Amino acid sequence: MNGYGLAEQYSGISNQRRGTKVMDSALIPNGVRRCSLDKFLVALAVVGAVLLWGVYAMLLCWFKGLNQTNMNDNYGFALWIWADLAVIALGGGAFFTGFLKYIIAKDELKNIINYAVLIGFICYSSALLILAIDIGQPLRGWFIFWHANVHSMLTEVAFCLSCYFMVLTIEYIPLILENRQIDRVPFFHHLSHNMHSTMAVFAATGAFLSFFHQGSLGGVAGVLFGRPFAYREGLFIWPWTFFLFTWSAAAYGPCFTLMVTRITEAISGKKLVKDNVVELLAKISGWMMTTYIIAKIIDTFYWANVTAPSKGFNLIDFYSNNGFYGIWILVLEIVLGGIVPAAILITDKGRKSPIARNTAFVLAVIGVSVNRWVMVLQVMAVPIMTFDTWALYFPSWQEVATTILPVAYGIMLIMISYRYLPIFPQEAELNPAD
Amino acid sequence: MKIDRRSFLSLGVGVAAGTALSPLPWKLTDDLSIWTQNWPWTPVPEIGESSFVNSVCTLCPGGCGISVRKVEDRGVKIEGMKGHPVNQGGICALGLSGLQLLYGPTRIKTPLKRVGKRGDGQWAKISWDEAISEITEKLDGLRTSGNSHTVAGIAGSRHGTVSQLFSRFLTAFGSPNFFHTPSIADTYQLALQHMNGVSAAPGFDLENADFILSFGCGLLEGWGSPVRMFKANTGWKKAKARVIQIESRLSRTAAKSDRWIAIIPGSEAALALGVAHVLIKEMLYNKDFVDNYANGFESFVTDNGEIKKGFKQTVLEEYSPETVSRVTGIDPSAIILLAREFANAKAPLALCGKGQGKVPGSLNEAMSVHALNALVGSINRKGGVFPIPAMEVQGWAEVGMDTITSAGMNQPRIDGTPPNSLGYINQLPSAILSGKGYPLNVLFVLESNPLYTMADSKTVKDAFDKIPFVVSLSSFMDETAQYADIVMPNHIYLERLEDAPTPMGYNKSIISLSKPVFKPRLNTKHAGDTLILLAKGLGGGVAEAFPWKNFEACFEQAMGDKMKTLKKNGFWVDSDAVLPDWESTFNTPSGKFQFAPVEFSPGFAPIKIEGDSTFQLLLIPYETMRLSCGYIANPPFLTKTVEDTILKQNDCFIEINPKTAQSNQLSEGDVVVLQTPRGQARVRVHLEEGIMPDMVALPRGLGHTAHDGYIANKGINVNHLIGPVQDPVSGMDAAWGIRAKLSKA
Amino acid sequence: MFPFNFEWIWDMSHVVFMGGLWYALTILGIGMTYCVVKSTIDAAKDDGGHH
Amino acid sequence: MKQEHGGVVTQKYGMVVDLDLCTGCGSCMVACMAENNVPFREDETDKLKSITWMRVYKLTNGKHYPETDICYLPRPCQHCEGSHGHSPCVSVCPATATDYDNQTGIVSQIYTRCFGCRYCMGACPYHARYFNWYDPIWPEGMERYLNPNVSPRMRGVVEKCSFCFHRYQAAKDKAHLDGQKEIDEDAYQTACTQACPAGAITFGDLDNPNHAVHELKKQPDTFRLLEKLGTNTKVYYVSSREWVRRAGDNYLKTEGLKKAVL
């Protein structure tokens, strides 16, 4: 396949550039430039320290229990579940880009698919790790599979999430195998090649799984008929949030891929992906977002005027008499985090302007994160019984640390992968050796 | 074999694959999950033969029958005893928590002798023999030196065999200084003495009353026998009887009542007399009773020729609705309406005793309320109030009086009251501190915790400091035990034999049998046995007054022929008692009910509480079923039910009307300093519409400094802030509050 | 997740849901097996063919 | 009428709580804790982390002094039936650790199955579900009072009111031994019902005309909590005060109080 071919195409170019001999050069892809090992290790150590802080908090949660958090009986779901839902939405770039490349055959996307897969891999492994911390009995976490209740949206999430993580691993493995040293082993060389050739099947399976787990994550909130803020009617067993979540992940996920790409470019000081690739993905994302936000507005409108009133609630009841959840949050999510980035990305002018484009990516990431926040935390905060009160919550440092942990882990994995694996097929071309 | 990279890799992959395919990881995963299901630090209760043992709960004076579920020798649950006349199967939250007291960490395990400074909590474990001989030595010295009267005893109650044995011990030893924890029952007893001419406790036929006029009684807050009151309340609801609650705070009783009338606290007697005014003015009173069976209604000439105003004249002259309205803050029309309703009811009944009735209160008020019942004829009739004669122990021989005993018994009581009075424990601290009279050398404390429950705890502590030797017979390391020199731990109620006498307000004489449900778990001794051992140790006349082998023998003798019934049913009820009539039961000089006893007549002499006008607010204590505020401190379960608007972490809240809070620039949750003439404390603000403006209310039962971490140092003890106020008539404590002010912390 | 788990009922929900799951797992399993086997064969060929 | 499922008599256990009688004394809460080995900690004032299967709520009418009024409302698990046993929590539990028992109508919780995801807590609008944030610790000696019929829970799992299901099992076994087909009303009562000193709680088979609850639930002043959500609870409340009945559900400003239709 092409990714493989490209790597080979540039394999002749030496990375050992005059005056910049790198100690671990044998591991670094051919034809690209990397910083010194010392610098790399120092940076790795800095991020690693943050990671260790997170690991310490994680161990506290495991050994001492969830009393280390500020969650409580009103806030059974809190920061972690939000982080979970958010990273999965953001990691949606992997399945959707894969879907576009392998199923719709948007071939240009081969230049960003590796990174999309890597980001997806990080997001999904993080999500699984967070779930393992979040549950009260991690050692029995596997009961979700073993004693599965097929009617639970969370079961669907767990199964599809795990399966899709397998897919992402399968998609990530060939990338690892392309490391210069590993590639020298004939079996791995062939395995990489063979996996590339089978990738469309895996990607299709991934897209199928993603559709369900993204959706079922939306279903998690949408089926809660005891929680009028979350509850939505729907199609068959699936509430509308099921479809909205899948759709929004497909729409917003690529924006996150593009945003991280831009950040990577800024940090490495190199252009890594050509503008036409970025613009193509941004355009698709923009149109997806446009359609999504229309659907979201219709959903909100129907919910505010039909669903909630039937349970005795006016829309404004969900946004008043508390210190945090004002109507502003709905505006932030739909207008600033939805309509605005969508409008930027569907216009030629907006897409072509790096500033507008990057702003749109950031707004989109905020928009989808706010949506997931609202669907987890505001659901818990809104009083339902008339004699309930708003429950507000502030995470403990352990929760914050364990939420930052995957971020640190992600950065480290990106650093290592970027250094040793040919993630960006266009890198060498865009940054010629001399 | 040369290990190259490839074979190393293959080996690694092989090992990994092999392990994964072997049953090992799967078995391990499974074992781990099974381990989490049986964590060794999560207890697994032992199974066994289950049985129920009936007894009586004595955690409060309520006297409810209980049924203790046992599994082998463990107690696993306390339930209400079905068929017990007092509680009819019901049980309160404190009673349900009893096993936490039995097995709790606050129990005293063995006799202790203080080694450090008083109150420091440094103890040496001693044997029972050592404890007994140490005390008898001390007592013997006092007795032979003619100082037997300098020994005092404080009991939780003056009823029941153990209390009477305790009193007997002091008498035989030669001390008149027996004290008990007083309550509204004492005031009622005085009212009955003056007006009915009998020495008896009041029995209220609540179940047959159809209009209950409650002057601040916490009918659902623990007044009388709590569970009986709940049952009565349910009966009222079902029978559509009406309850009117006169109280400055929307208590649970007020909330469940048919009408809540907020009153300026302390003016209850005025209201009662205002109601009486309307009854008399509108001729709504029971003419038959008043004309034929009562005295002092009309003005009369006393034996020495004085003209004494009758009740009628006093009330008509001084208690018009308008006058009363000014004092009570209640609209005149509301007073008139109330009086008419009260008179028109079939079986109206007026009650008094604020909250749980922990403070004896104003005798004027009790008599005014009692007069109200008399006016409508609700005395000695169905649905009314009638005297329940106190049950004296029958079977014990008179205490022999040797010279030392009679010399001691002829000394005045330390509180200055006559030798056979009820005793004014509220005057004890000041009597000790004033230095007038004689000093106290030894104090015994049984089933009571004066350092916590008595008003103005600081002064009480100062008084304790003047007593060189304090002996506690408590089961728990409470505030007083912690301040004692020797602790001789009593069995806990579930481990001991005793009787629970008629609870306050109950309409029949009843005794319930508390039997040892469990073998004593710790090195404790029945207080009755301790007293017998002490008496025997003292020898002579004291020992002769205690001829029994042990408390059991003493108890059986005391119960006499009731013992058989007690053993069979668990309780004995005076079922032969006939309802007293109006004809023959008033034991006054005139043989009639006395509206205006010669000694004095009921009137409204407000109890002046402490504090000048710089204290703009009124602080009142209040009681709730979720906070035990007597000798027993809250067990963990009970504390768990306390609302977070009463206690949050270690802060307790004052209730304050939002308007008052606003004018003081306070909002919900603010930390403030609550200051009274007696002390100050850090509290938090809880806004509550259900309290009269310009008042603050604080719950009783918090602020323990002893016991265990489940109750100690939570909130503040309202007794730190309130001092006793002596009732001018009865001499007992009548403080219903204190003036207070708030400042931001 | 297996028919021998006691929660398992042979109803529509289980068949559809678990059917989907096992279907996906089968594809992934077969796909990966194919890749590994083919790569082993390819690598062996390379060895024989003096890479 | 009684339901017959394949020849087996099924019950629908439920409660009728008379709020006019409830005094908020807390006996039901403690009876429940004592019966069901509910753990406690030194500081239980954070009510959002305090396990109370039965919790008594304090409701106020929101009026100013002296028109203000208070009502206490005991809230056990409502044992929602939803539609056909589709209760909010049961349907979401991923590990089948909570179940709607069609035989009794009781929503059960299997502690050893629960792995602590807390989804059910999010699903329950009554806050009837509690998580064991801490290891349950009894002070030394106090574990002696633990009831052997109810297993203490471990840290990290959700627990809730079971309508004292162990008492049902005991009553069923006894009825079986005695050759009775049906469990007597008296033979199976929850700890809170039994303890309530005001007799405010009545418990029994809602479908059985011989049980008191069957008629009590038809009283005119009866309501259930959050009926509009379709949770179809089995705990009925009675109050003669309209504001209390109205506090049982959410109403739009324009809406009147629904007349109890049964």
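Start in chain B by selecting strand E18 (residues 469–472), which is joined to E17(B) by 4 bridges, the two running parallel; strands here are DSSP runs of type E with at least two residues, while helices are runs of H or I with at least four, both numbered from the N terminus. Within this pair, B:Phe444 has B:Val471 of E18(B) as its bridge partner. Everything on this tour belongs to a predicted model, in which local features need pLDDT of at least 70, side-chain atom pairs count only at pLDDT 80 or more, and totals for chains, interfaces and linings use all residues. Residues are numbered from 1 along each chain as its sequence is written, and chains are lettered from A and ligands numbered from 1 in the order in which they are written.

**The sheet and a helix of chain B**

Widen the selection to the whole sheet, an open one of 7 strands with mixed pairing, in the order E5-E4-E19-E18-E17-E6-E7 of chain B; strands pair if DSSP finds at least two bridges between them. At its edges, each pairing on one side only, are strand E5 (123–125) and strand E7 (178–180) of chain B.

Next select helix H21 (residues 527–538) of chain B, whose 12 residues reach 16 Å from the first C-alpha to the last, close to the 16 Å expected at 1.5 Å a residue, where the expected span is 1.5 Å times one less than the number of residues. H21(B) is mostly covered, with 10 of its 12 residues buried; a residue is buried if 20 or more other C-beta atoms, placed from the backbone, lie within 10 Å of its own, exposed if 12 or fewer do, and partly exposed in between. Among the buried residues are B:Asp529, B:Thr530 and B:Leu538. The buried residues of H21(B) pack against helix H5 (128–144), helix H6 (161–173), strand E17 (442–446), helix H22 (540–544) and helix H23 (551–559) of chain B. Just after H21(B), look for B:Gly539, which takes a positive phi of about 65°.

**Domains of chain B**

Colour chain B by its domain assignment: domain 1 (5–37), domain 2 (112–182 + 397–495 + 525–549), domain 3 (200–389 + 579–594) and domain 4 (617–744), the bounds coming from an automatic or database assignment. Between domain 2 and domain 4 of chain B, the C-alpha centres lie 31 Å apart, and 20 residues of domain 2 are in contact with 20 residues of domain 4, contact meaning that C-beta atoms placed from the backbone lie within 7 Å. On the domain 2 side, the elements giving two or more residues are helix H18 (450–453), helix H19 (457–465) and helix H20 (479–482) of chain B.

**The core and helix H15**

Now select B:Val275 and B:Ala276, which touch the most other members of the largest nonpolar core, a set of 472 residues; such a core consists of buried Ala, Val, Leu, Ile, Met, Phe, Trp, Tyr and Cys residues joined through C-beta atoms within 7 Å. Helix H7 (residues 153–177) of chain A gives the most to this core, with 17 residues. Not counting residues up to four places away in sequence, B:Val275 touches B:Ile335, B:Leu338, B:Ala339, B:Phe342 and B:Leu372.

Helix H15 (residues 363–375) of chain B is the following stop, with 13 residues that reach 18 Å from first C-alpha to last. Because 13 of the 13 residues of H15(B) are buried, this helix is largely enclosed by the rest of the structure. Just after H15(B), B:Gly377 takes a positive phi of about 75°.

**Between the chains**

Show chains B and D together, since their pairing has the most contacts among the 5 pairs of chains that touch. Here 59 residues of chain B are in contact with 51 residues of chain D, and the elements giving two or more residues to the chain B side include helix H2 (24–37), strand E3 (74–80) and helix H8 (226–238) of chain B. By class, that side has 27 nonpolar, 18 polar and 14 charged residues, with Ala, Val, Leu, Ile, Met, Phe, Trp, Tyr, Cys and Pro counted as nonpolar, Asp, Glu, Lys and Arg as charged, and the others, Gly among them, as polar.

Turn then to chains B and C, which no contact joins and whose closest C-alpha atoms lie 12 Å apart. Chain C does touch chain A, where 25 residues of chain C are in contact with 24 residues of chain A.

**Last stops in chains D and A**

In chain D, select the open sheet of 4 strands with mixed pairing, in the order E10-E3-E12-E11. Strand E3 (residues 13–18) of chain D is joined to E10(D) by 5 bridges, the two running antiparallel, and D:Val17 stands opposite D:Ile201 in E10(D).

Finish in chain A at A:Ala295, placed in helix H11 (residues 275–310) and partly exposed, with 15 other C-beta atoms within 10 Å. Leaving aside neighbours within four places in sequence, A:Ala295 is in contact with A:Leu244 and A:Trp247.

Key
Contact = placed C-beta atoms within 7 Å.
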